[in-house]
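Visitor: I have the model open and want a quick tour. Can we start with one helix and work outward?

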Amino acid sequence: MPNLAFFVTPHGFGHAARASAVMDALSRMPDPCRFEIFTEAPRWFFDDSVSSPFGYHKVLTDIGFVQNTPFQEDVRKTLRHLESFFPLEASSVDRLAEKVTGLGCGLVVCDISPLGIAVGKKAGIPSVLVENFTWDWIYSAYVDVDRRIAYYADYLRDLFSAADFHVQTMPVCSRAPDADLLAGPASRRPSTSVEAVRNSLGIRRDCKMVLVTCGGVETHYACSKKLEQVKNVHFIIPAGAGERESAANVSWIPQRGRISHPDLIFASDAVIGKAGYSTLAEVYAARVPFGYIPRKIFPESVVLAEFIDRKMPSLSIMEAEFFDGSWTRHLPKLLSMKRQLAEENGEPIDNGADAIAVFLGDLCARYG
């Protein structure tokens, strides 16, 4: 197997989580390979999520969207960053192409990073686009806000179409009829038993555990006093870099803690959080009831919400409810939902990361 270069957008942690899930699935195959990761997503995230050796190269691979909060994007700030990054500089593409070739990479995998596709073309190495949306599709929804973004939508549409292979993962925002693979939601796997996680957190067996998360984005919560009033429920809130003072039934834990995010989800009786890709995929894999907060404008949110409503035990929570704590009135209904199992809805809970790993393994065998 040749080495694989992964170019990952730094937009949130969802794409880094999906790429990590694919890398981890590849590492469990009979002939594993080494990964070279190009991104500005933090190295620690991959240290915690990928079990096999990898090289880390801090490179700005994408702009994505500048966000003021987990739920609010800033179009004009995004445009300023786009203007400084695109069109891609030929010298930067050349330098990265030489580096990828020198590292012995035989395939470039791009989780919506357009830079990786350009680097693969320059290096003469096949590129694989992995996505449930591309930025041209996202930007097109904001043309009425600022028409300048249409230029970047057009530019990126051409760049994304230049990928040699195309993998889409459910829930797909814009289905490509000529995609080489349609995979299920791709998620990281838990590594610790539910009992061990709950024991580590000091949560009694007869107490409900609810995870409150914004998918890796540090968030100010003003609802802790309301949470403290909820009986027989222990809330886990990953927030920021360090421990915070916790109440009897509310534990504030570091974003990078001793327990992984997938482990927390699988150990929970319900999850409350932003409807982002990686949280959706991991909650879907665990089949845990999901109280999700959709985003008002971001176009991906509509597609994710439709998938959640149709495929998962869930209910929608308004953004204002999430921040003021009034969402706790929905908890009895959410906790009364059954944790769905594969046989209950007639669908296997296949991890899309496994299907993508098999596809990439076949490409490596063909081009390696």
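Guide: On one side of H3, Arg80 and Ser84 are exposed, that is, over 50% relative accessible area with a 1.4 Å probe and protein chains only. This is a predicted model, where local features need pLDDT of at least 70, side-chain atom pairs count only at pLDDT 80 or more, and totals for chains, interfaces and linings use all residues. Residues are numbered from 1 along each chain as its sequence is written, and side-chain values use heavy atoms, with hydrogens and water left out.

Visitor: Which residues of helix H3 are buried?

Guide: In H3 (residues 75-85), Val75, Thr78, Leu79, Leu82 and Phe85 are buried, meaning under 20% relative accessible area. Helices here are DSSP runs of H or I with at least four residues, strands are runs of E with at least two, and both are numbered from the N terminus.

Visitor: How are they placed around the axis?

Guide: These buried residues cover an arc of only 130°, which puts them on the same side of H3. The arc is that of the directions from the helix axis to the C-beta atoms.

Visitor: What do they pack against?

Guide: The partners are strand S5 (72-73), helix H6 (135-140) and helix H7 (149-161). Contact means heavy atoms within 4.5 Å.

Visitor: Switching to the sheet. What is the strand order?

Guide: The sheet is open, with seven strands in the order S3-S2-S1-S6-S7-S8-S9 and parallel pairing. Two strands pair if DSSP finds at least two bridges between them.

Visitor: Which strands stand at the edges?

Guide: Those are S3 (54-58) and S9 (181-183); each has a single partner strand, so one side of each is left without a neighbour in the sheet. From one strand to the next, the twist averages 20°.

Visitor: How many bridges join S2 and S3?

Guide: Five bridges, in the parallel sense, with S2 spanning residues 35-39. Thr39 has Lys58 in S3 as its bridge partner.

Visitor: Now H11 and H12. At what angle do the axes cross?

Guide: Roughly 10°, and the axes of H11 (residues 277-286) and H12 (residues 300-311) come within 11 Å. The two helices are therefore roughly parallel to each other, a label for angles under 35 degrees. Axes are lines fitted to C-alpha atoms over the stretch in contact, and angles run from 0 to 180 degrees between N-to-C directions.

Visitor: Which residues make the contact?

Guide: Tyr277, Leu280 and Tyr284 come from H11, and Glu300, Leu304, Phe307, Ile308 and Lys311 from H12.

Visitor: Is H11 mostly covered or open?

Guide: H11 is mostly covered, with nine of its ten residues buried.

Key. Angles under 35 degrees count as roughly parallel, over 145 as roughly antiparallel, 65 to 115 as roughly perpendicular and the rest as oblique.
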